[in-house]
Structure formats: C-alpha cells, structure tokens
Number of protein chains: 2
Amino acid sequence: MDETTESQTPGNGGWLGDAIPALKLTKAQARVVDALTVNPKLASYGDVTEIALKAGVNSSSVSRTAQALGYRGWSDLQRELRARYLVHIADTAPLSHRVEVRSPIHDSLAHDVENLRLAMDTVDPQAADDAVTALATARRIIVVGQGSYSASAVAFAHLLATAGYPANFEGRAGVHLASAVGSLRPGDALVVFHLWRPLKHLTIAAQLARQAGATVITVTDLKSTDLAKASNHLLLVPSEGVYAFQSATASLSVAYGLLAGLEAREPERVKAGIERTSQFWDELDLYTN
Amino acid sequence: MDETTESQTPGNGGWLGDAIPALKLTKAQARVVDALTVNPKLASYGDVTEIALKAGVNSSSVSRTAQALGYRGWSDLQRELRARYLVHIADTAPLSHRVEVRSPIHDSLAHDVENLRLAMDTVDPQAADDAVTALATARRIIVVGQGSYSASAVAFAHLLATAGYPANFEGRAGVHLASAVGSLRPGDALVVFHLWRPLKHLTIAAQLARQAGATVITVTDLKSTDLAKASNHLLLVPSEGVYAFQSATASLSVAYGLLAGLEAREPERVKAGIERTSQFWDELDLYTN
DNA sequence: GCTGTTCTGCACAAGACTTTGCAGAAAGAA
DNA sequence: TTCTTTCTGCAAAGTCTTGTGCAGAACAGC
C-alpha cells in the first residue's frame, strides 16, 4: 500500500523533472502520479496493469492519467519517463561500483567519463538550442576542424549529410578553406570544432564567416579567445586528456547531441534523410558479415 | 602467426553477465546477440522490430534467438536483460536532488557516459596491452576508418604521428586502400576502427593485412563478424547512440587509452616525439589568441 | 437530503507486438 | 556437383496491451 502525500506540485525536482505538468489531478490520477514518482523502474518498464496495481486503481485510470497530463497515451508518457530515468541514473550513478582494473584504457575511459560529466555543466543549453535552430534553417553548412580535433568535425559533417542536411567537412587549410568560407552567405552556417590553442586560420575563417553574415557555431574548450568572440553560439567543453593530448570525447558527444536536437526539432526531415541514405548504402552493397 | 587475444569472450563479461549462455549460434542469432550487447538501452526497452533493424535481420530471428537461448520468448529475455542492465547502471544510485537540465546535449552526454562505463567491461585489458606492444614495435602503422566512424581513426593516426610513430590515416576505399594495405609486411600494423555493420572493403583489408603477416588491431562493436575474426587484437566497445546513429565516443576514448599505453611503455620516445612536433608547430607560427 | 456533475471500474473493442508455418536460400555432406 | 539439412525472411495467426463507452459510485452545491 502506497502512502500518498496528497498530490500537489507533483514530480517537482526529482527524477521526473517537468515531465508531469502541475495540473489539478483527480484522486485516482494523483495516486497514479505518486506511484510513478516512487517507483521509477516500474514506471519506465511496467505496463498499465502493473502500474494500476501499484497505485491501487483500475488500469483505465492509468491510461486516462497519461492523457490528462497531455500525452497521447500511456506508451507516450512511458517513453518520456524512461528517457528521464535513464539520464537520471547516468547522472547520479557512482563512478566506480566495481573493483578497479587499472590499465591505460581504463584510465582513459574514466577520465573521459569525467569530461562528459563536466560538459553537462559547461555547455549552455540555450546556446545549444540556438545552434540547432541555426543548423535547421541553414541553406549551407560548413564544418571545420584540424588535426586530431577534426575527429568530431568529420563525424558531425558526415552525420549531418546522412540526415539530409547540406553539410560539408572542410579539413584543409589555406586557399581551400578561404574559398569555402568565402562562399558563405547570410543564412549559412559555419561550425568550428577546435580545442587547445586557437589556430590562426580557423579564427580568421570564423571572423570572415561572421562578417559575411553566416552564423558561426563553435565547440571549443577556451572561452576568451578571438575564435570564441567571433562565434554566435559558443559551446564550451572540457578537454583534459589522460596524457599529453587533449581529449575530443566531450566535443564528439556534443556533436551527437546537436544531431539529436535536430531530430527533436524536425523528426520527419531527419528520418526521411536517413532512410534515403541508408537505402542508397544498401544498393551500393557495401556490407558483409 | 600471432596469437589472437580474443578468446575469453570479454563481450559477455559486461552488463549481460551470464544472461546469454555460450551456445553455438547461427549467423543471424549471433548478430542479434551482438546488437543487444552494444545497445543496452535498446535491448532493454525496444521491441523485436527495432532490435531486428539494428541487427540487420528479420524480426522472427530475434524471437527465435530468445528461444534458442533458453528463454520463453523475446519478452522473457528482455525482462532478464532489463533487470541486468538496470542493476549494472543503477546499483546503488541514490535519487539525488540535483536539478535536471534536460536537453538533447545533456542526453547525449549522459548516454555516452554510460557507453564509456560499459566499455570498461567490454575492453579486454590483455588485448589492449598486446595491441600496445604491437604498436610500439611496428615499423609501419596504417589506421583505417570510414564515414563518421573515421573520427576515432583520424584522431588516433594524427596523435600517433605527433608522438613520433610511423602512422598514417587511410580514409579512402578502393585502389588507394588496396595499395596501402598491399604494402604491409610482417612487423607492420593495421588498426581498424569500425562500428555497425562491417564494410566489405575493411574486412578484406584486415584479412589481407593478416595474410601479409601484419598485426591487425580492431576497435569495433561487433564480435561475431569476419572483421573481428581477421583481427589479432580485438577491442570491443559499446556504441549505442542517442538517436539513429551509433556513437564513436567509446572508441575514441579507447584510442586515447592506447596512446596512454604507449606513453607508459616508452615514455622517452613519446615525449621526444611530441616535443619535436610541437617545436615544429611553433615555428610554423600557426597559433593566435 | 436531494440533484447534477464528475470520476472510476468493468468489459469489450481496437491496436500493437510476438510467434509460427511455410517456402526459398544458404550451408554442409556425399 | 548434387543431395540433404539447416537457416532465414515473409506473412498470417496468435497473444498481449491499451483505449473507450457505459453505468454506477462518489462528491459538491444547494
């Protein structure tokens, strides 16, 4: 039997976040919400019958509660709960719950876990959101990056193109970069991935793109550089590596996050783009066992 | 011939535990198990159709795989997977009061934190150690990778070269790849970074390199493929992405780990290499504010 | 205490997911 | 190579889950 703390301000602050809008709920609905709040695992994988049992109501009430909260139905609400619960766990899970096996690989992984966690704080959600908007509306997207830090840029440009966005990776410096950036117009976007001491030509590229009216999105670890100043949207990531090198892990993950943002913003477009591309791949017969 | 350090099936030592009995599986079944192993969230919450899509098989094969493993069916297997996954990640996680800032970026970071944590289990330290030895003694190192998964390969090759190792990234397919791999000799090394369904030409490249007597080091997410079989040293990483794409974050971190391993093994050489390179960079006067 | 409104539970309908029969494809044996 | 066996994909059948109309119960206002 579940003690219900008489509803109001349900799900505030806990793992539910704002998944449950603060509406006026009926008694049965409040019991459902309480049950969900207190049983995160059950909430994220149980079916209506199990939830109803826990809440002590009929299964129809579970279904109707989901609808009352603004979701299409139980499955829709559960999808949301699931995502939040898993993210919550990843946020709060202890770093190492097992016997340590120290090895360079293990150190590197642990180190990058820390980088990713720090990035949750350093990346400004508003800047990310703005960046997604700029990308979604861009007529043309150029992605630049140099050396080992081009890793994120390569992946980002490739996946953007896969999803049907007009994106290209530009990894060359000098005249190539100049002509690529020179062709940018208002409504276009330049995405710069760079860590460590700023490279002159990337900074200049960003400044030129900005002058040309293009939107400059920069993923970097330093915020007081001319590169950062030339950017419209700045996404800061930590980059400490396990030895002498900077780690691009966080910047890569941020790149995936931007793609997820695009998918959330215009799912149809992304889905269609991916389908087109993967069909093409199948026809090329590239795969084996 | 070189010994293969694949043997002890480290992939099953991870979050799956002994949920998957070590039976002889058919090709499609092995693909299903691989897909489940590297996509824990999908495995825990997806339906047969989604799993089948990821594994590149028909949904019936997913159902039949569950039965072949001794479960009553997919739902039965999934219940088991879910329980193990949640135990693996949640364990003692307390419900903290941290304010959630949910955004696609945040989700992606949390997701990749999970991938890195899982990678601590899936990467076999012995295989990694052997790989480091092979790299340290190689007369020549070719690093290959394609598409967005080339991110790790690009970074790895670049940093190897920076540290003074005879490494090159080879991102082109066809005749270019053929001639590059064709030049490998005993004592050389081929490093393959690849996720997702194996590409024919990468598999063939690995097989040819192996035949030529070179050491093949592979960082990938699937262990039942011909690519994995052709490898001397296999480093398995999880690769579940936040949306439709696989995440190369873990493979990138493993690349850094290999570099750290090299540094631990021969610090002088790496230090000298980096100093030489960065001095050169300074002379080129590439940096700004 | 009466009456009108809202809510809940039941039972069934609609829908989604999983399993299986079958036939063709692939792999292995002779 | 040919024959036999095993495996896989398709599509239909079977099972389970979710949603809704209806009728009775609870509640609030008078």
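**Entry 1: strand D**

I started at B:Ser61, where a polar side-chain atom sits 3.2 Å from a phosphate oxygen of DNA strand D. I count a polar contact when two N or O atoms lie within 3.5 Å; within protein, one must be able to donate a hydrogen and the other to accept it, and residues adjacent in sequence count only if both atoms are side-chain atoms. Next I looked up which elements give two or more residues to the surface near strand D, and they are α4 (59-68) of chain A together with α1 (27-38) and α4 (59-68) of chain B. Helices (H or I, at least four residues) and strands (E, at least two) are DSSP runs, numbered from the N terminus.

A note on what I am looking at: this is a predicted model, where local features need pLDDT of at least 70 and side-chain atom pairs count only at pLDDT 80 or more, while totals for chains, interfaces and linings use all residues. Residues are numbered from 1 along each chain as its sequence is written, chains are lettered from A and ligands numbered from 1 in the order in which they are written, and side-chain values use heavy atoms, with hydrogens and water left out.

Back to strand D. A:Ser63 has a side-chain N or O atom 2.8 Å from a phosphate oxygen of the strand. B:Ser60 goes for a base instead: an N or O atom of its side chain is 3.1 Å from a base nitrogen of strand D.

How many residues surround DNA strand D? I found 17, the closest being A:Val48, A:Ser63, B:Thr26, B:Ala28 and B:Arg64. Sugar and phosphate make up 76% of the strand D atoms that come within 4 Å of the protein. For "near" I use a residue with a heavy atom within 4 Å of the molecule or strand. α4(A) gives the most to this surface, with 4 residues. By class I get 4 nonpolar, 8 polar and 5 charged residues near strand D. Here Ala, Val, Leu, Ile, Met, Phe, Trp, Tyr, Cys and Pro are nonpolar, Asp, Glu, Lys and Arg are charged, and the others, Gly among them, are polar.

**Entry 2: strand C**

I then turned to DNA strand C, which has 17 residues around it, with A:Ala28, A:Arg64, B:Val48, B:Ser63 and B:Gln67 coming nearest. For this strand, sugar and phosphate account for 72% of the atoms within 4 Å of the protein.

Which part of strand C does the side chain of A:Arg64 come up against? I found a base oxygen, 2.8 Å from an N or O atom of that side chain. A:Ser61 has a side-chain N or O atom 3.2 Å from a phosphate oxygen of the strand. α4(B) gives the most to the surface near strand C, with 4 residues.

**Entry 3: chain A against chain B**

I checked contacts (heavy atoms within 4.5 Å) and got 86 residues of chain A touching 85 of chain B. The buried area is about 7600 Å², with 69% from carbon and sulfur atoms; that is the accessible area (1.4 Å probe) the two parts lose on being put together, summed over both.

The rule for a salt bridge (a side-chain nitrogen of Lys or Arg within 4 Å of a carboxyl oxygen of Asp or Glu) finds 1 across this interface. B:Asp282 pairs there with A:Arg197, the closest N and O atoms being 3.5 Å apart. Helix α6 (residues 104-122) of chain A supplies the largest share of chain A's side, 13 residues. That side has 47 nonpolar, 23 polar and 16 charged residues.

**Entry 4: within chain A**

Over all chains I have 16 salt bridges. One of them joins A:Asp188 to A:Arg139, with closest N and O atoms 3.5 Å apart. A:Asp188 is in the loop between α9 (174-182) and β3 (189-194) and A:Arg139 in the loop between α7 (125-137) and β1 (141-145), so the pair ties together parts 49 residues apart in sequence.
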